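Colleague: Could you walk me through this one? I'd like to go through the ligand shell, the core and the fold.

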Amino acid sequence: MKLRNVWLPATLLALAASPIHAEEGKALYEASCAQCHGSDGRADTAIGRAMGVPSFSEVDLGPDPNARIARVLRESPKHASVASKVNAQEIAAITSYIQEEMIETGESEAR
Ligand code: HEC
């Protein structure tokens, strides 16, 4: 009887399809957002300063940060170059990464 072998692939598929992964959010953030917003979200980068990018610790993302960020990427002309690179699921991963690492604590330096 090798019933187990039938279930393993299904389980792996389910894991791969799970929507939000902090690791994925970090990788996506680094690839798409960090050059302007900085790895720590403070926008303390050459481009960030030149463009006047706000620190995430000073941005109020409102009651639905995911929808807010999706709208910013879609509507802000500053984000035209990245908007097409991330789909809804990737935006969700990036949002949770920003929320966990850059907004809630606001003291990443202390850690
Ligand atoms: C080319 C530089 C650049 C890149 C890349 C970039 N941003 Fe921005 N971002 C800006 C600038 C400039 C502003 C301030 C002006 C504005 O809001 O359009 C901003 C503002 C924001 C704000 C605050 C807007 C508000 O008022 O609520 C959010 C949220 C944001 N960016 C998210 C992201 C995310 C998420 C990514 C990566 C997917 C990203 N940005 C990539 C330049 C960039």
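Modeller: First, a bit of vocabulary: Ala, Val, Leu, Ile, Met, Phe, Trp, Tyr, Cys and Pro count as nonpolar, Asp, Glu, Lys and Arg as charged, and the others, Gly among them, as polar. This is a predicted model, where local features need pLDDT of at least 70 and side-chain atom pairs count only at pLDDT 80 or more, while totals for chains, interfaces and linings use all residues. Numbering starts from 1 along each chain as its sequence is written.

Colleague: How many nonpolar residues does the shell around the ligand have?

Modeller: Being near means a C-beta atom, placed from the backbone, within 6 Å of the molecule. On that basis 19 residues surround the ligand, with Ser 32, Cys 33, Cys 36, Ser 76 and Lys 78 the closest. Split by class, the shell has 1 charged, 5 polar and 13 nonpolar residues.

Colleague: And which helix gives the largest share of the largest nonpolar core?

Modeller: Such a core is a set of buried Ala, Val, Leu, Ile, Met, Phe, Trp, Tyr and Cys residues joined through C-beta atoms within 7 Å, buried meaning 20 or more other C-beta atoms within 10 Å of a residue's own, all placed from the backbone. The largest one has 14 residues, and Tyr 29, Ile 91, Ile 94 and Ile 98 have the most contacts inside it. Helices (DSSP runs of H or I, at least four residues, numbered from the N terminus) H2 (22-32), H5 and H7 (88-103) each supply at least two of its residues. The largest share, 7 residues, comes from H7.

Key: A residue is buried if 20 or more other C-beta atoms lie within 10 Å of its own, exposed if 12 or fewer, and partly exposed in between; C-beta atoms are placed from the backbone.
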